[in-house]
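Visitor: I would like to learn how to read this model. Can you take me through it feature by feature?

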Amino acid sequence: MTDLDTFRAETRAWLEANCPAECRGPLDNEEDRVWGGRNPTFKTPAHKQWMEVMGARGWTAPEWPTEYGGGGLSREEAKVLASEMRRIDAQMPLSSFGIWMLGPALLQFGTEEQKKRFLPEIVRGEIRWCQGYSEPGAGSDLAGIQTRAEDRGDHWIVNGQKVWTSYADKADWIFCLVRTDPEAPKHLGISFVLFDMATPGVTTRPITLISGKSPFCETFFDDVRVEKANLVGTLNRGWDVAKALLAHERTMIGGMGMIGGGRPMGQVAADSVGTDDDGRLDDPILRAKIAELEVDLAAFQLSMERVGDQVKARQVSPAIASMLKYYGSELNKRRHELSMAAGGSDALEWESDRSRNGTAARDWLRTKANSIEGGTSEVQLNIIAKHILQLPGA
Amino acid sequence: MPLILTEEQTMLKEAADGFLSENAPIAHLRHLRDSRDADGVSRDLWRAFGEMGFAGVIIPEAHGGSGLGAVEAGVMAEALGRTLTPSPFMGSGVLSARVLIEAGSPEQQAAWLPRIAAGEAIVALAVDEGAKHAPSKITTTAQRSGNGFVLNGAKGFVLDGHIADALIVVALTENGLTLFLVDPKTPGIEIERTIMVDAHNAARVTLTDVQVDADAVIGAVDGGEGPLEAALNLGRACAAASLTGAGDQAFQTTLEYLRTRKQFGKLIGEFQALQHRAAHLFTEIELARAAVLGALQRLDAGHETAPLAVSIAKAKAGRVAELAVQEAVQMHGGVGMTDEYDVGLFMKRVRVLNELLGDAGFHTERLARTQGY
Ligand SMILES: Cc1cc2nc3c(=O)[nH]c(=O)nc-3n(C[C@H](O)[C@H](O)[C@H](O)COP(=O)(O)OP(=O)(O)OC[C@H]3O[C@@H](n4cnc5c(N)ncnc54)[C@H](O)[C@@H]3O)c2cc1C
């Protein structure tokens with residue numbers, strides 16, 4: 001037995017013993033996700049327990065170093081953990097912008113104190129984060145942000161407005177881009193800061209989406225005091241941190257294409273559409289489209305895995321995070337379009353127990369944001385083109 | 001297994017790319033085509049392939065090969081896709097070698113594997129019959145007669161069939177498929193070279209009352225399906241690798257063109273409409289690459305999902321390469337339609353590779369079936 005086989009056997013046994021039955025199988029509902037934080041909500045007590053045992057092991061962030069609360073696993077071990085979790089259809093113990101986005105940026109740019117302070121809390125799901133990037137005048141052109149941070153010696157005073165801040169009303173802390181040097185060229189006067197959403201002067205207002213859900217907000221800053229110790233990276237060089245974080249965000253959103261699990265969509269569709277005498281899904285065009293989607297999903301899954309291996313081997317091109325974001329989000333939209341077609345009129349019900357309150361339709365509508373959030377598909381294509389063409393002056 | 005090439009595999013890739021771009025670049029294909037070469041391949045090149053250890057990449061060392069696996073065969077196939085080099089590699093080094101390794105008797109192996117590995121022999125696998133790849137619909141028959149068999153039927157798309165030193169014929173016997181190792185000079189065999197659109201080599205083979213001895217059987221009577229399937233799956237994965245090589249090379253050529261061609265006072269690569277299509281293509285090619293490597297690695301690991309992974313790879317690489325060559329011609333504008341520019345050659349080659357051993361439709365269908373819908 002190799003070490004990895006031993007690890008697999010131990011992991012399997014541990015998951016069997018520790019993953020509660022309630023936390024296996026597909027999530028019914030976006031709202032059932034576990035986000036942790038100061039005021040956490042859990043669908044069942046088992047979900048709380050599942051987050052806590054995984055957090056205690058560092059397995060909510062398997063590849064982070066143990067000194068910051070992570071699992072300290074090698075890439076190969078982390079793959080084994082993921083595949084063992086998939087095997088029993090285990091739900092994600094913790095959804096977290098801290099794990100997906102801020103953590104990796106802190107590991108790269110944070111001071112030792114910042115890492116020691118923030119990372120373990122993130123791993124255990126004690127603090128929930130939101131992202132303060134976009135502003136009304138700065139979407140695709142993110143470096144155009146106007147929110148100002150004025151230097152007051154040991155602290156800054158922040159004024160301005162953010163928009164599309166997902167879960168700002170539920171988050172405990174924010175990672176935020178602010179302009180610290182208004183005179184500098186736009187990429188060179190931005191800083192990356194962290195602050196508590198309970199700080200006086202921070203207010204949020206929810207925005208309702210076409211999916212009828214309201215995960216995000218407008219966020220206003222009115223003379224908000226931010227300690228200088230909470231600057232991440234170098235003053236006025238926050239763009240570097242922002243870009244690194246975006247790369248993680250994009251990979252994460254791209255990865256959404258993979259979530260789903262359970263039975264192959266073709267089988268689900270066969271249940272609702274019916275089958276012909278050969279046992280084939282009784283709608284040849286839908287069947288063909290689903291099978292083509294499955295080919296692309298499989299290839300995409302392998303690409304995600306391959307990119308992880310390339311990162312490890314330091315062979316990765318800067319265009320790759322954008323590639324995953326672009327393809328993964330377009331793929332996810334395609335997947336949900338087909339899933340709606342497979343569900344037929346059943347999938348159209350908006351408010352019924354049978355449809356779990358329109359989960360399919362709401363999820364379908366939500367995916368339309370995948371190619372907008374974290375940078376639009378057009379912007380990703382611009383980035384990829386820039387790297388592959390390397391035109392002078394581009 | 002990380003989804004990247006190991007150091008040794010990377011070295012093989014560099015050796016193959018280097019060797020081919022020096023000895024058999026696209027000009028080599030053009031020369032064979034324009035001189036209407038009788039063989040359509042260079043035997044010297046095939047021997048050189050043997051000397052380099054390329055021809056017998058999957059053949060065990062005991063039979064004079066390199067004793068490597070599917071990933072290495074895929075590396076070779078991808079390199080051949082980049083340079084469009086006609087070569088018996090697919091027919092002999094992959095398909096026929098795999099059949100013989102799987103099921104050949106010690107005598108058959110000793111007679112053929114070392115010669116394939118040395119680049120001396122060309123062995124062709126005759127499987128397809130209709131216009132589309134459909135191994136489940138084989139109608140060529142082999143009926144017992146005396147101590148041997150009589151073969152009747154017609155095969156098409158037989159790679160290198162016109163210059164083969166031996167044919168492996170797939171035929172129906174009483175209770176299944178059987179593989180026969182046949183001398184192409186046996187009475188009753190007619191072989192017609194079919195010059196294809198891509199100037200690569202294939203033939204039609206007709207078998208009329210062809211008498212063969214019992215020792216022509218490879219493996220067991222009625223037991224041909226397993227070894228055939230093993231060979232076809234490796235072949236399909238290698239065809240997918242060749243598609244990725246050809247598609248990517250067409251794409252690289254296109255990028256170069258976008259960087260140099262000027263219209264409206266700027267480089268055409270500065271137009272966002274073209275940038276976005278190039279970026280999309282880059283993304284698709286990366287996915288195809290991952291799918292192909294995933295399939296090759298699963299074949300080497302003997303993983304139960306390998307056949308499914310192969311179908312995914314062939315379907316994905318086929319669709320992506322098709323997009324790559326179509327975009328290549330389009331973005332080259334008028335010159336893309338000329339014989340002088342290479343992009344048209346890639347378009348033709350990709351069409352053939354797509355049809356070879358099952359097109360994207362065939363493999364997508366196979367996926368749906370495997371998944372039970
Ligand atoms: C569900 C959701 C969650 C989000 N969560 C957050 C969050 O938590 N925090 C946060 O800070 N932000 C968040 N965002 C904001 C998101 O990052 C922005 O919406 C996104 O960057 C696009 O900006 P915009 O909406 O201003 O569109 P615009 O930039 O105005 O774009 C409009 C259109 O023009 C196109 N376009 C713009 N520039 C170019 C160009 N150069 N070339 C080609 N096309 C171009 C775009 O692709 C788009 O199609 C979220 C958005 C959504 C939808």
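Guide: Start with one residue. B:Asp339 has a relative accessible area of 39%, so it counts as partly exposed. Keep in mind that the model is predicted.

Visitor: Which residue forms a salt bridge with B:Asp339?

Guide: First the general idea. Side chains of opposite charge can pair when their charged atoms come close. Here the partner is B:Arg33, with the closest N and O atoms 2.8 Å apart. B:Asp339 sits in the loop between H9 and helix H10 (343-355) of chain B, and B:Arg33 sits in helix H2 (residues 26-34) of chain B, so the pair ties together parts that are 306 residues apart in sequence. B:Arg33 is partly exposed too, at 24% relative accessibility.

Visitor: How many salt bridges are there over all chains?

Guide: The count comes to 58. Take B:Arg366 and B:Glu229, whose closest N and O atoms are 3.0 Å apart. B:Arg366 belongs to helix H11 (residues 360-370) of chain B and B:Glu229 to helix H7 (residues 225-260) of chain B, so this bridge joins parts 137 residues apart in sequence. B:Glu229 is partly exposed, with a relative accessible area of 26%.

Visitor: What is the N to O distance in the salt bridge of B:Asp39 and B:Arg43?

Guide: It is 3.4 Å. The cut-off is 4 Å, so the pair qualifies. B:Asp39 has a relative accessible area of 22% and is partly exposed. B:Arg43 is partly exposed as well, at 29%.

Visitor: Which residues are linked in a network of salt bridges?

Guide: Look at chain A. A:Arg8, A:Arg12, A:Glu16, A:Arg24, A:Glu84 and A:Arg87 are linked in this way.

Visitor: Now a charged residue without a salt bridge. Is B:Lys314 buried or exposed?

Guide: B:Lys314 is buried. Find it in helix H9 (residues 306-332) of chain B. The nearest side chain of opposite charge, B:Asp359, is 7.2 Å away. A salt bridge needs a nitrogen and a carboxyl oxygen within 4 Å, so this pair does not count as one.

Visitor: What does the side chain of B:Lys314 reach?

Guide: Check backbone oxygens. The side chain reaches that of B:Leu356 at 3.0 Å. The backbone oxygen of B:Gly358 lies 2.8 Å from a polar atom of the B:Lys314 side chain.

Visitor: On to the ligand. Where does the ligand lie?

Guide: Begin with the chains, then the shell. The ligand lies between chains A and B. Its surroundings comprise 19 residues, and the closest are A:Ser134, A:Ser140, A:Trp164, A:Thr376 and A:Glu378. By type, the shell has five nonpolar, eleven polar and three charged residues.

Visitor: Which element gives the most to the shell around the ligand?

Guide: That is E3(A), with three residues. Strand E3 (155-166) and helix H11 (377-389) of chain A each supply at least two residues.

Visitor: Which polar side-chain atom lies 2.6 Å from an oxygen atom of the ligand?

Guide: One from A:Ser140. Backbone atoms take part too. A polar backbone atom of A:Tyr133 is 2.9 Å from a ligand oxygen. At A:Trp164, a backbone N or O atom lies 3.0 Å from a ligand nitrogen.

Visitor: What percentage of the ligand's accessible area does the protein cover?

Guide: Compare with the ligand on its own. Alone, the ligand has 980 Å² of accessible area, and the protein covers 68% of that.

Notes. Residues are numbered from 1 along each chain as its sequence is written. Chains are lettered from A and ligands numbered from 1 in the order in which they are written. This is a predicted model: local features need pLDDT of at least 70, side-chain atom pairs count only at pLDDT 80 or more; totals for chains, interfaces and linings use all residues. Side-chain values use heavy atoms; hydrogens and water are left out. A residue is near a molecule or strand if one of its heavy atoms lies within 4 Å of it. A polar contact is a pair of N or O atoms within 3.5 Å; within protein, one must be able to donate a hydrogen and the other to accept it, and residues adjacent in sequence count only if both atoms are side-chain atoms. Accessible areas come from the Shrake-Rupley method with a 1.4 Å probe; for residues, only the protein chains shown count as cover. Helices (H or I, at least four residues) and strands (E, at least two) are DSSP runs, numbered from the N terminus. Ala, Val, Leu, Ile, Met, Phe, Trp, Tyr, Cys and Pro count as nonpolar, Asp, Glu, Lys and Arg as charged, and the others, Gly among them, as polar. Buried means under 20% relative accessible area, exposed over 50%, partly exposed in between (1.4 Å probe, protein chains only). Lys and Arg count as positive and Asp and Glu as negative; His and the chain ends are not counted.
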